[in-house]
Amino acid sequence: MPVWIQGAHPSVQQGIVRRTACVHVPNTRQAGQVCCEFSTQIDIKNCGSFWVYHLQPLPTCPMGYCAGYLEPCPPGQIGIKPQCRDLYPRLTSLPVIRGPFLSPAKDAFHFSCEVETERKELQSFKVMWTFDGQEVPELTTTIPSMPATLDGNSNLKGRLNRNIGCKVQAFFDGHPDTPGPVTVSNNTYWAGIRVEPRYVKLSEAEDEKTVDIVFTVPKTTCPYIYPEGCLLMVTPRTQAVRQGIILYLYKATYSLYRIGDYTAYENKERAFEVQVRTYKCREGRNVTCICGVAIREYDDLIRIDSCDNLRVGRSSVSPRITIPRGHLNDATSYYVSKDGMNIVVYLPSSSEVLIKQHWALDVYLTIPGSDKGHGRGLCGTFDGIECNEFTSRDGQRVDTACEKSDQVNHMGCVPESFTESWRNNATTSLFKTVPPLMNRQRPTVYCMCSNETNAVVCSPRGDVTKKILQCQGQAGCYHAGRTFRRRRAVADDGIYTDEDNEVSAYDPEYFKDYRPPVVSWPTPSGITEQIAKDMCESAVRKSQTWSQCNPGANSNNKTLDIEECKLNILFTDSNETLAGFVSSFTTSCQAEMATDPANYEITPEGETVLKPAVYKETCPVDCLTNGHCEQGVCVCNSGYMGDTCQLLAGVGLQLGKIKRSSICDINTRPCRKIYVEASNFEVSANLTCKVQEILPSGTLSASAVFDDAEFVTNAELACYLPDAKVKTDRSIKVFAISATGDGQLYGNTVNLTVYDSTCQNCTESGCKILPDTCLINDLCYQDGDLNPKNGGQQCEVATSTTNWTDIYPAVTSVELHGPNGNNYITCAVTTLDTNPTASFKVSWYVDDAAYQRQRELVLPPGGRQAIFSVHDLPSTGQVNWFGTL
């Protein structure tokens, strides 16, 4: 570090002068100091032809005084003219990012940062890598030559979806303290996943659009960047805009008073159809209601039937769900509420069907916007044209019965020619037939991120919690594919089975000629139109969505709801329909609010979802019977429990009558599954049956068998049984069966008797041994059956019905011994028979053929050995087989 003089040398006349001597100390510059980070005072005298210096000692070795007469190099260079050189290497280009470059093995890749300089030797480079313009200190490196490389496998983990760039500083070897300026690459590279196009405008009426997902780094190296697995989750940020009502059905109300199986909605282009089954739901007033729903999309068919129960007034029993083909597409799912009364079906097309049961079935249907112009049925044409909603099935007629404003005989609008055109016969009814297989390809799989497990979960169903139609309290509903098992319990011939194959006793074809009578009011009990209207308005004001959807809240269909409610009360002459009306009002309100973009919010993950107030902060109507609602949670009164406060606390799941019978003959059924009436439970993953054998002493077996219960309805469960082994262990087994809904508290027990009817005759009151049969060692045998362990014994009823009867001495073994010292071979017979008069016949064989020279020998009574001399054998051959009788 040379010392330089600050100021000029003195003249001869100035004599001795004091000057400041400066030293430039790199990287220690402070404000106001320019190349003079260290200074000291020196004296100078001009002696005419030379100068004299009085120098002070310097504090460190690298500092030194220099003297000479040559001119130093200009700023930015070092040395003495004319031998000047740059302080740092000169770059002739800006840095450039290139790559990615894949390794020959295709298991690694890298990027390069390149730059050009005037000279190629005695220089080094400091390279800084940037992501979105930000330097990453741990990736900064110093190299003797360019280009620099960035390994993708090790350095991109956690840094994807950013622009990669680089910065470069050059310096001469040995002079890292005087580097050149930082130069920034004139380009960057987006490393990650690019979505093209970035924005998509999609109308509800459109089916789908394609978005390309482009990987800008080699996908073969993905496991190195993400060792957990290379799964891609795309979460679109959506913004909904309402544009008129062209995608909503024209809201027309009419009445259907006929009985049959009708097509409520269909779109033949995607093999989608919803049919409803009606019945006469109020004797004496002749009102028709829905009691069954059949849903089909391509090869999936689901039947939801409550007709037999509703016809006899058992409206508290939930519908029975059947899958005629035995299975559903992976993308089709259905959920059941904990009380079994609400069922929601989600289909691959994004169609949703919600069924709610009160005194009848209410059906709600949402369909994709792509159905516009293709949908038709009792629900209308779904084409945005108001005047053709009542178009017949053949498309040739439009019923005009509802164009008149008069309500003749209080029957309301009755477009019967329209409704009857959508009636189905035995060959088109989905309740009676299963359509031929279409073998449609597997649907698209949807993926979503799990914030709880930090993993990606893929499913053909998508996220059912974001649907418009919700199973009341989604957290309290269970998916059939996860909770409800269906085991095969039938032989190939379909006869030997435990299945409760109840054939519906109700066939609407028996009532197809039904016509509703002319009615008038007041009703027999004195209900007038005004009274019915007041009852409806009073009930609906208790709905938790009244503030959002009352007629004063800009809703245009709630007056029609009141009209329907009024007619239901008048026709049934009862207020039984009010609970269903309030529930229907709530569901309709929620569905309507779901069409308004203002009722959606964006989550921190970028998802657009319904606000909780739309569907989570309401309680089922049943909650109000034994409890009250607090922010969507049903709070139960003392003594009650459950999601809707319908269960008695501390009682447990109650079992009733075993269907078919409480006795099971192993010769007519497998006896591995029973269907039993049940109550005081909710549908849950904890439904479990406990089976314990009742021993002949009357005590319970110390061991119990636990297995999942199968939900049938909210009044019926199925329990699986262990193998009773009445053919091999004991001819009668009695099992005590109980069940739990929460996995802890078990309720009462019911008994099932499994028996072998070969010798037992069992009834509900007990079992008796059949005549002309044997019961030996607690097992059943018919007259003449052989002892499976001793072929010399049989069941001989004339001799004994409790012990085996000997047929002939039973031989347990035959052994050949010898020859002995006297050249005799001995045949020894072993038998369990102790009768001293038993005799045995012995035949000798040589080379598996009877030896003719030795005749058969009958041993004397009590004899067990036969002797044969080897001298009587042929010269060759082997005594290798013999027999006894």
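I'll start at strand β59, residues 865-869, because that is where I867 sits. Before going further: this is a predicted model.

I867 has a relative accessible area of 51%, so it counts as exposed, the cut-off being over 50%. Setting aside residues up to four places away in sequence, I867 touches Y824, I825, T826 and W844. There is also a C-alpha distance to report: I867 and H817 are 50 residues apart along the chain, and their C-alpha atoms are separated by 9.7 Å.

Now the chain as a whole. The protein chain has 11 helices and 60 strands. It has 885 residues, and 42% of them count as buried. Taking contacts with a sequence separation of 6 or more, 58% are between residues 24 or more positions apart.

Next, one pair of helices. Helix α6 covers residues 529-540 and helix α9 covers residues 578-593; they pack at an angle of about 50°, and their axes are 9 Å apart. That angle makes α6 oblique to α9. The crossing of α6 past α9 is right-handed. Which residues in α6 and α9 meet? From α6 there are M535, C536, A539 and V540, and from α9 there are L578, F581, V582 and F585. By class, the residues of this contact are eight nonpolar, no polar and no charged.

The remaining three residues each have a side-chain polar contact, and I'll take them in turn.

K167 is in strand β14, residues 162-172. Is K167 buried or exposed? Its relative accessibility is 18%, and the cut-off for buried is under 20%, so K167 counts as buried. The side chain of K167 makes a polar contact of 3.3 Å with the side chain of E135. E135 also appears in the list of residues that K167 contacts beyond four places in sequence. The others in that list are K126, V127, M128, T130, V182, T183 and V184.

S662 is in a loop, the one between β38 (654-658) and β39 (663-665). At 19% relative accessibility, S662 is counted as buried, again because the cut-off is under 20%. What does the side chain of S662 join in a polar contact? The partner is the side chain of E764, at 2.3 Å. Apart from neighbours within four places in sequence, S662 is in contact with N751, L752, T753 and E764.

K727 is also in a loop, here between β44 (716-720) and β45 (732-740). With a relative accessible area of 44%, K727 is partly exposed. With which side chains does the side chain of K727 make polar contacts? One is N667, at 3.0 Å. Another is T758, at 3.4 Å. Both N667 and T758 are in the list of residues that K727 touches, leaving out those up to four places away in sequence; that list also includes I666, D756 and L779. As for C-alpha positions, K727 and Y755 are 28 residues apart along the chain, with a separation of 8.7 Å between their C-alpha atoms.

To recap the accessibility values: K167 and S662 count as buried at 18% and 19%, K727 is partly exposed at 44%, and I867 is exposed at 51%. On the helix side, the item to keep is the α6 and α9 pair, with its angle of about 50° and its eight nonpolar residues in contact.

Conventions
Residues are numbered from 1 along each chain as its sequence is written. This is a predicted model: local features need pLDDT of at least 70, side-chain atom pairs count only at pLDDT 80 or more; totals for chains, interfaces and linings use all residues. Side-chain values use heavy atoms; hydrogens and water are left out. Axes are lines fitted to C-alpha atoms, for helices over the stretch in contact, and angles run from 0 to 180 degrees between N-to-C directions. Helices (H or I, at least four residues) and strands (E, at least two) are DSSP runs, numbered from the N terminus. Angles under 35 degrees count as roughly parallel, over 145 as roughly antiparallel, 65 to 115 as roughly perpendicular and the rest as oblique. A crossing is left-handed if the near helix is turned anticlockwise from the far one by less than a right angle, and right-handed if clockwise. Contact means heavy atoms within 4.5 Å. Ala, Val, Leu, Ile, Met, Phe, Trp, Tyr, Cys and Pro count as nonpolar, Asp, Glu, Lys and Arg as charged, and the others, Gly among them, as polar. Buried means under 20% relative accessible area, exposed over 50%, partly exposed in between (1.4 Å probe, protein chains only). A polar contact is a pair of N or O atoms within 3.5 Å; within protein, one must be able to donate a hydrogen and the other to accept it, and residues adjacent in sequence count only if both atoms are side-chain atoms.
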